Amino acid sequence: MPRTCTVCSHSQVDEINKALASGASYFSLATKYNVSEMALSRHAKNHLSKTLSKAQEAQEIVQGDAVMDELKRCLERVNLLFDACDRWLRDAEDPSRYDIGPRAEDVKVTYYEPGQEAGR
């Protein structure tokens, strides 16, 4: 029957895992947490990679969610821009077409009386 991992069953396993992942020496951790260096070595080899893999997966999911939230926000703004462009370009006489010609408020008309010079 396989032995229970003394590090996995340790009350401070999360702290030990963090220290192992950050590269702390087996000797310092063995002294600090009252476990053998051999137990730490076995734990790191057999269990820590699985734990780190799960943590990495969780981190990737969180980052993916953040990316999706940002993408959703960007798409909402792009859709607002498209709607504004659609409203501006839609031809009032034929709503199925766009009109890129000038609008009445964009045109300045100057009238001159016959015989009058321009600019007077």
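Among contacts between residues at least 6 apart in sequence, what share joins residues at least 24 apart? In this predicted model, the share is 32%. Keep that figure in mind as you begin the tour.

**Stop 1: the whole chain**

Start with everything shown as a cartoon. You will find three helices and zero strands, so the order from the N terminus reads simply α-α-α. The protein is more spread out than a compact globule, because its radius of gyration is 35 Å, well over the 14 Å that the globule rule gives for 120 residues. Turn the C-alpha trace along its principal axes, and the span comes to about 110 × 35 × 20 Å.

Now switch on the surface. The accessible area of the protein is about 10,200 Å², and carbon and sulfur atoms account for 56% of it. If you color by burial, buried residues make up 16% of the 120 in the protein.

**Stop 2: a nonpolar patch**

Next, select Met68, Leu71 and Leu75, and show their side chains. Together they form a nonpolar patch on the surface, with about 290 Å² of accessible area between them. Center the view on Leu71, which sits in helix H3, the element covering residues 37–89. Leu71 counts as partly exposed because its relative accessibility is 43%, a value between the 20% limit for buried and the 50% limit for exposed.

**Stop 3: a salt bridge within helix H3**

Which residue pairs with Arg73 in a salt bridge? Select Glu70 along with Arg73: their closest N and O atoms are 2.9 Å apart. The two residues are separated by about one helical turn, because they lie three residues apart in helix H3. Check the surface here as well. Arg73 is partly exposed at 40% relative accessibility, and Glu70 is also partly exposed, with a relative accessible area of 39%.

**Stop 4: the other salt bridge**

How many salt bridges does the structure hold? There are two, and to see the one not yet visited, select Asp86 and Arg90. Their side chains meet at 2.4 Å, N to O. Are these partners buried, partly exposed or exposed? Asp86 counts as partly exposed, with 23% relative accessibility. Arg90 is partly exposed too, with a value of 32%.

**Last view**

Zoom back out to the full α-α-α arrangement. With the side chains still displayed, you can look over the patch of Met68, Leu71 and Leu75, the Arg73 and Glu70 pair, and the Asp86 and Arg90 pair in a single view.

Methods
Residues are numbered from 1 along each chain as its sequence is written. This is a predicted model: local features need pLDDT of at least 70, side-chain atom pairs count only at pLDDT 80 or more; totals for chains, interfaces and linings use all residues. Side-chain values use heavy atoms; hydrogens and water are left out. Patches are made of residues with over 30% relative accessible area and no salt bridge: like charges are joined within 9 Å, nonpolar side chains (Val, Leu, Ile, Met, Phe, Trp, Tyr) within 5 Å. Accessible areas come from the Shrake-Rupley method with a 1.4 Å probe; for residues, only the protein chains shown count as cover. A salt bridge is a side-chain nitrogen of Lys or Arg within 4 Å of a carboxyl oxygen of Asp or Glu. Helices (H or I, at least four residues) and strands (E, at least two) are DSSP runs, numbered from the N terminus. Buried means under 20% relative accessible area, exposed over 50%, partly exposed in between (1.4 Å probe, protein chains only). The radius of gyration is taken over C-alpha atoms; the globule rule is 2.2 Å times the number of residues to the power 0.38. Contact means heavy atoms within 4.5 Å.
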